[in-house]
Amino acid sequence: MEHIQVLLVFLACSIVVCTREFNSLEHVRSFVPHNEQTTAVQDLLKRVVGERNEEIKIEILPEPYDQDYAFLQMSNNILHITGSSAVAIAYGFNHYLKYFCRKQMSWTGDQMGDLPKPLPAVPSEGIFIQAGVKYRYYQNVCSVSYTSVWWNWTRWEREIDWMALNGINLPLAFTGQEAIWQRVYLKLGLTKTDLDAHFAGPAFLAWGRMGNIRGWGGPLPDSWKESQLTLQHKILQRMRSLGMIPVLPGFAGHVPLALGNLYPNASISRLGSWVGFSCNLSCSSLLEPDDPLYNAIGKMFIEEQIKEYNGSNHIYSADSFNEMIPRSNDTTYLANAGHAVYEAMKAADPQAIWLMQNWLFHNAPGFWKTPQIKALLTSVPQGKMLVLELFSEGFPIYKRTHFYYGQPFIWCMMQNSGGVLGYFGRLEVINTQPREALTAVNSTMVGIGIVPEGNNQNYLVFDLMLEAGYTVQPTNLTYWLKEFTLRRYGSDNEDAVATWNLLGTGIYNFSEENVSPEKVLRTGPISFRPTTTKNRLPNWYNYSSLENAWDRFMKSLDHLPQSSTVAYDTVDITREMMQEIHRILLYAMLEEFENKRYLPFLTLSDYLVELVEDFDRILSTDSHFMMGCWIKDAKAWATNTQEKQLYEFNARIQVTLWGPNGEILDYANKHWGSLVKHFYKPRWVLFVELLKESLINGTDFDENKFRSTVLSTVEKPFTKAEDIYPCSPQEEPYKVAREMYQKWREFLTVVNEESHELNHSQINLPGVRVSSKFGKLNAKVSRQAKSRSSLGGFS
């Protein structure tokens with residue numbers, strides 16, 4: 001009992017930020033008994049550390065506290081963790097793993113191994129960790145398609161463990177809802193054929209659910225609906241057992257097109273097309289808020305879920321106008337639209353809370369001006385809407401809406417669009433601004449969240465957000481970056497520490513506000529359709545710091561263990577630097593093309609294609625970076641050949657064309673092995689060949705001709721192919737990474753002869769005027785050119 005007495009002292013003395021209380025949210029909590037949560041977290045510990053879990057004793061105190069806490073003490077080499085919930089205890093244990101055992105479980109590799117024997121001691125007075133906010137939210141409605149669409153239960157189980165270890169207690173739970181929707185619509189009289197034209201394919205369900213598209217990637221097989229519903233039961237059971245509060249879907253007004261035929265007197269409007277999609281696949285039907293069917297359908301949907309899932313936690317997510325413009329900017333209409341969403345929820349669940357994304361305000365600022373925003377936000381009783389501010393780190397709308405006109409909100413870090421790979425982050429922003437928002441006068445902030453469109457990238461950023469966000473207390477970033485290195489590698493090697501310090505204070509420290517995530521150039525042109533247009537270059541970091549980070553990391557490899565985290569980072573930093581070198585070569589090649597210098601152009605184009613080949617090679621050394629795994633996971637859900645073909649098509653086209661004719665081309669591009677070899681490389685080869693043809697014939701480059709040719713000969717055929725790509729490493733990552741470093745590092749050295757210690761903004765494009773400025777590279781190009789000339793070429 002001694003450790004409980006000490007804990008009570010901590011609780012009595014703890015300082016909690018005084019923020020606005022929302023009595024309307026008191027029931028948005030876990031209802032699972034503490035003994036069940038205790039069993040669930042004990043099972044989690046065993047999955048994470050095996051039999052060493054016997055050296056960890058846990059206790060959940062029955063007294064309710066508004067904010068989660070955990071208290072850690074050691075006694076006779078036994079770690080005692082007392083906490084307010086299973087999630088709080090799991091977070092406390094993860095803190096212990098990170099800072100005392102130097103361990104890490106991440107999306108991008110694990111550094112776990114055996115725990116030290118005996119378990120490392122904690123300070124004699126114990127460690128008290130208290131959450132600074134009530135809710136810690138996780139998942140973007142798009143990540144269910146960009147990241148978790150093909151996950152099986154094994155992968156979901158790991159992710160839910162990771163959620164608990166990182167303090168997540170308000171996760172999105174959208175899996176399997178199409179089976180529920182099908183029941184509702186069949187009861188209303190629609191047919192299976194009607195629904196086949198409505199539901200999107202597996203990789204596009206996120207946007208079908210939000211009314212952006214309909215039918216694209218389908219028809220959705222019944223076997224998919226049934227298997228996903230089964231999976232949802234497992235997901236919900238595990239989330240709830242750990243004391244989490246799953247967020248279920250609500251009704252936002254989008255209905256199948258055929259509903260208008262079945263109910264001709266219903267008031268249904270058609271939204272506009274979405275990002276270039278034809279109305280055959282978009283222009284969704286929106287039931288008007290004053291139509292009686294609106295409340296009836298919304299009520300049926302939630303009632304069906306409550307029955308299926310044996311209750312709910314009273315919180316539902318719905319977005320009527322995600323990236324879609326309402327038919328009217330009249331404030332009365334918008335207020336009615338919001339009121340209808342909430343009333344349909346309340347009709348089924350009198351305690352319902354509407355979780356609404358703020359993305360519509362960010363996406364269409366020309367439409368959503370102050371009167372329109374206020375009309376929607378105040379259409380629901382105060383405290384009955386919980387706003388997810390999706391992009392707080394870059395576009396904090398709470399500042400101009402007076403904290404959402406009194407509605408509670410969650411400060412969320414988005415960080416990523418489309419699941420693209422590329423170093424990027426705002427460490428200083430996420431370290432300090434959640435605290436500023438929480439403590440501001442009249443703040444209605446009640447939580448923090450991470451809402452990337454895609455996971456499996458830039459884990460450094462998410463690790464910081466989940467730590468600084470949990471306590472809502474800024475940390476010393478220099479100290480934190482060193483600790484991150486220690487737990488990621490289990491080593492304090494000075495070169496590894498220097499690597500992450502250079503990255504953390506450079507490329508990971510973007511701070512500009514009001515810049516959309518998709519507008520920030522975080523990945524080079526290697527994974528985009530080639531063009532002669534040169535993009536704006538990154539200008540927020542010292543370019544040489546990135547090169548120095550590569551040097552220091554490669555030096556550290558001789559001293560780091562060959563863990564999955566080291567392997568991942570070896571590939572990742574090589575990937576990052578090679579796509580930078582590709583940009584340098586591309587812009588240099590384009591300048592030679594513009595100056596009509598054929599031989600230097602030819603040599604640089606050879607280098608360019610060779611680098612793309614090497615890029616595929618390094619990516620193919622780690623399964624995290626392999627297209628074959630994405631397709632393999634997709635096909636694993638199939639029950640017959642037709643489904644295999646459908647799921648593979650979904651998997652291929654999402655990361656390439658996205659729409660049937662490239663409507664969102666390369667938005668979800670990936671630096672993945674085999675995808676580079678079979679999709680990106682053929683595009684670059686064709687691009688180079690047509691540029692070469694223009695030089696030989698003395699004609700202008702026809703960009704339109706290239707676009708149509710590459711679409712018909714490379715891009716569309718790839719989406720329909722069925723070639724099998726590997727899912728296991730093809731070579732040893734350290735060996736290949738060293739080869740790539742030795743081969744390509746000199747190109748950056750050449751650039752540094754002109755640009756050392758200069759920002760990108762001070763360079764007139766990396767690699768410019770290769771023939772006049774960069775003597776070392778020019779000499780190499782000249783030697784190649786002379787060799788070609790002696791064989792009878794152009795000058």
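In this predicted model, α9 gives the largest share of the lining of the second largest cavity, with three residues. That cavity holds about 140 Å³ of space. It has 16 lining residues, and V144, V149, T175, R209 and Q228 sit closest to its centre. Three elements each hand two or more residues to this lining: α4 (143-146), α8 and α9 (222-241). Sorted by class, the lining of the second largest cavity comes out as nine nonpolar, five polar and two charged residues.

Now for the wider picture. How many cavities of 30 Å³ or more does a search of the whole structure find? The count is eight. The largest cavity has about 310 Å³ of space. Its lining is made of 22 residues, and those nearest the centre are Q177, W181, G208, R209 and M210. Here the elements giving two or more residues are α6 (177-187) and α8 (205-209). As for chemistry, the lining of the largest cavity splits into 13 nonpolar, six polar and three charged residues.

Here are the two cavities side by side:

| Cavity | Volume | Lining by class |
|---|---|---|
| Largest cavity | about 310 Å³ | 13 nonpolar, six polar, three charged residues |
| Second largest cavity | about 140 Å³ | nine nonpolar, five polar, two charged residues |

One residue to look at in the viewer is R209: it is listed among the residues nearest the centre of the largest cavity, and R209 is also named among those closest to the centre of the second largest cavity. Likewise, α8 gives two or more residues to the lining of the largest cavity, and α8 does so for the second largest cavity too.

Notes: Residues are numbered from 1 along each chain as its sequence is written. This is a predicted model: local features need pLDDT of at least 70, side-chain atom pairs count only at pLDDT 80 or more; totals for chains, interfaces and linings use all residues. Side-chain values use heavy atoms; hydrogens and water are left out. On a 1 Å grid over the protein atoms alone, a cavity is a set of points where a 1.4 Å probe fits but cannot get out, and a pocket is an open set with protein on both sides within 12 Å along at least five of seven lines; lining residues have an atom within 4 Å of a point. Grid points are joined across faces, edges and corners, and a volume is the space filled by probe spheres set on the points. Helices (H or I, at least four residues) and strands (E, at least two) are DSSP runs, numbered from the N terminus. Ala, Val, Leu, Ile, Met, Phe, Trp, Tyr, Cys and Pro count as nonpolar, Asp, Glu, Lys and Arg as charged, and the others, Gly among them, as polar.
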